[in-house]
There are 2 protein chains.
Amino acid sequence: MFTEIIVIGNEILTGHTLDTNSNWMCKKITAVGGEVRRITKVRDEISEIADVIRNALSRRPDFIITTGGLGPTFDDKTAHALGVALNKKIVLNEDAFRMVQRRYRELYEQRAVDTPDMLPERKKMAMLPEGATIIDNFVGTAPGIQITVDDTVIIALPGVPAEMKEMFERAVLPQIQKKTEGLVFISKEIEIDLHDESVLAPIVDKVMQKYENRVFIKSHPSTYGSGIKIKVEVRARGKDKKEVSELVDNALNDVSKEVNKLLGGASQQ
Amino acid sequence: MFTEIIVIGNEILTGHTLDTNSNWMCKKITAVGGEVRRITKVRDEISEIADVIRNALSRRPDFIITTGGLGPTFDDKTAHALGVALNKKIVLNEDAFRMVQRRYRELYEQRAVDTPDMLPERKKMAMLPEGATIIDNFVGTAPGIQITVDDTVIIALPGVPAEMKEMFERAVLPQIQKKTEGLVFISKEIEIDLHDESVLAPIVDKVMQKYENRVFIKSHPSTYGSGIKIKVEVRARGKDKKEVSELVDNALNDVSKEVNKLLGGASQQ
């Protein structure tokens, strides 16, 4: 049970925009017991987007979630690229057409301004791969796209964070949760009084072995001034929240004890 | 002339850590006229890291830059994965060994603490693919790795931002700059008084056509409250800084004029 994320947009690759969408999704997916195995960021080029989608599909993930490239401008190419990747015709999706029509009506009514009912640029957002269903967008105007290929559910969401987040929580996360069947993921971390990962490493190995790899322990070094600060994170997955939480606490305790033993027994590391 | 970036680490995929390294590198590379075409983020699994490296190599980029996975702990697997990807033996690199030794000596001297000269975990950071050269690390302890395959220079940097940044600016950016031969990239943006990309899209098309695609124009919508705010970015690359700057200014001016014409001629969009 795993997910891949694809982030689409030149603005990400030029560095103009810091992508925070994929990190936000990773947190949400991890919290419900899911697992993100790969994130790929790609330019607004149909052949490249299609290549990334096909490549992800070859690993048979449960979900492929894309973000970006669903809007009305010429460089919004995700729907078209999906068609190329899946070898499906791009057709007018009636649900999408009605949704886009409704959204423009609502947005212009809010501002009490007239607008043509449907412009070619708006209709473009309703041109989707054959067989796709839509995910309604209550924030912006572009429909999300969902289409299943073998055992993989592909979901395309807009790149504007407020739109993506609302659609993800309402229409994507419940699907992932259903697949993880109440699995929980717990992660806790502490900062330790040791400043050298090479000295910590044998402790991490020892504690992971004690728990037969049911916990995963990772050290996160960072710099402050000219020094190195280390946080130790312990994480585990499981069905029973209390059990997983205790497992994580116990392992974290063991790491602490071993570090203190080392610090007490030797000169400060 | 293009670059691919590979970000390595479970902490990125669980959402524990927001990767800002790749965005920082993208900005630096773009600023010297380079182009990043793909960013892939992958877990600490040798076979997956090797797969991502081989996949990137198949597109024959000028540079592949990885970040993360060079430290002393069991889950730091980048050097090993590079060996697998390139079918090269992992051997003790003498330069790396001396560098690691020197760095631990320096760091412990700073704190006036004794430490063994070389631990297995430290030696691990000097086990590199055959034929690799090292990039010195003046902030942390892990050597960077450089190795050339056909026309692609592969460079592996640590994931700790302070280490990565110092090494990138000193040892990587000059190599990229040499390849772009003084190409400049200029990007400017304005916020417009139009709140609908579907109305803006034909203007973008028109101005891009006027400049025969020598400028690239992208609209960046974002939400504020229940409204939509649009920034228009114009960017171009070229040899002559003044010329490129004028080109961008002119195109931006044309967009402004067209937007004002529309807003003057019709009800406010």
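Axes here are lines fitted to C-alpha atoms, for helices over the stretch in contact, and angles between them run from 0 to 180 degrees between N-to-C directions. With that in hand, the axes of helix α3 (residues 46–57) of chain B and helix α4 (residues 78–86) of chain B come within 8 Å and cross at roughly 55°. That angle makes α3(B) oblique to α4(B). The model described here is predicted. Chains A and B are related by a two-fold axis, and an open sheet of 12 strands includes strands of both chains.

**How the two chains are related**

- A turn of 180° with a shift of 0.0 Å along the axis lays chain A on chain B, with an RMSD of 0.0 Å.
- This is the relation of a two-fold axis.
- Within chain A, A:T40 has the C-alpha nearest the axis, at 2.2 Å.
- Both copies use the same surface, as 100% of the contact residues of chain A recur in chain B.

**The contact between chains A and B**

- Chain A contributes 53 residues to the contact, and chain B contributes 53 residues.
- On the side of chain A that touches chain B, two or more residues come from each of α1 (10–13), α2, β2, α6 (120–124), α8 (197–210), β10 (216–224) and β11 (227–238) of chain A.
- Of these elements, β2(A) gives the most, with 7 residues.
- By class, this side of chain A has 17 nonpolar, 22 polar and 14 charged residues.
- Strand β2(A) also pairs with strand β2 (residues 36–42) of chain B, in the antiparallel sense and over 5 bridges.
- One residue of this pairing is A:V42, whose bridge partner in β2(B) is B:R38.

**The sheet of 12 strands**

- The strand order is β6(A)-β7(A)-β8(A)-β3(A)-β1(A)-β2(A)-β2(B)-β1(B)-β3(B)-β8(B)-β7(B)-β6(B); the sheet is open and its pairing is mixed.
- At the edges stand β6 (133–135) of chain A and β6 (133–135) of chain B; each has a single partner strand, so one side of each is left without a neighbour in the sheet.
- From one strand to the next, the twist averages 20°.
- Inside chain A, strand β1 (residues 3–8) and strand β2 (residues 36–42) pair in the parallel sense over 6 bridges.
- In that pairing, A:V7 has A:K41 of β2(A) as its bridge partner.
- Helix α2(A) packs on the sheet, where it touches β1, β2 and β3 (63–67) of chain A; the direction of α2(A) makes about 165° with that of β1(A).

**Helices α2 and α7 of chain A**

- The axes of helix α2 (residues 21–31) and helix α7 (residues 161–180) of chain A come within 11 Å and cross at roughly 25°.
- α2(A) and α7(A) are therefore roughly parallel to each other, since angles under 35 degrees count as such.
- Their crossing is right-handed.
- From α2(A), the residues A:N21, A:W24, A:M25, A:K28 and A:I29 meet A:P161, A:M164, A:K165, A:F168, A:L173 and A:I176 of α7(A).
- The residues of this contact divide into 8 nonpolar, 1 polar and 2 charged.

**Helices α3 and α4 in each chain**

- In chain A, the axes of helix α3 (residues 46–57) and helix α4 (residues 78–86) come within 8 Å and cross at roughly 55°.
- α3(A) and α4(A) are therefore oblique to each other.
- The crossing of α3(A) and α4(A) is right-handed.
- α3(A) brings A:I46, A:I49, A:A50, A:I53 and A:R54 to the contact, and α4(A) brings A:T78, A:H80, A:A81, A:L82, A:V84 and A:A85.
- In chain B, α3(B) likewise passes α4(B) in a right-handed crossing.
- There B:I46, B:I49, B:A50, B:I53 and B:R54 of α3(B) meet B:T78, B:H80, B:A81, B:L82, B:V84 and B:A85 of α4(B).
- The contact of α3(B) with α4(B) has 8 nonpolar, 2 polar and 1 charged residues.

**The sheet of 3 strands in chain B**

- Chain B has an open sheet of 3 strands in the order β9-β11-β10, with antiparallel pairing.
- β9 (184–192) and β10 (216–224) of chain B are the edge strands, and each pairs on one side only.
- The twist of this sheet averages 25° from one strand to the next.
- β10(B) pairs with strand β11 (residues 227–238) of chain B in the antiparallel sense over 9 bridges.
- In β11(B), B:I228 is the bridge partner of B:T223.
- Helix α8 (residues 197–210) of chain B lies across β10 and β11 of chain B and runs at about 165° to β10(B).

Methods
Residues are numbered from 1 along each chain as its sequence is written. Chains are lettered from A and ligands numbered from 1 in the order in which they are written. This is a predicted model: local features need pLDDT of at least 70, side-chain atom pairs count only at pLDDT 80 or more; totals for chains, interfaces and linings use all residues. Helices (H or I, at least four residues) and strands (E, at least two) are DSSP runs, numbered from the N terminus. Angles under 35 degrees count as roughly parallel, over 145 as roughly antiparallel, 65 to 115 as roughly perpendicular and the rest as oblique. A crossing is left-handed if the near helix is turned anticlockwise from the far one by less than a right angle, and right-handed if clockwise. Two residues are in contact if their C-beta atoms, placed from the backbone, lie within 7 Å. Ala, Val, Leu, Ile, Met, Phe, Trp, Tyr, Cys and Pro count as nonpolar, Asp, Glu, Lys and Arg as charged, and the others, Gly among them, as polar. Copies are superposed by least squares on the C-alpha atoms of residues with pLDDT of at least 70 in both. Two strands pair if DSSP finds at least two bridges between them.
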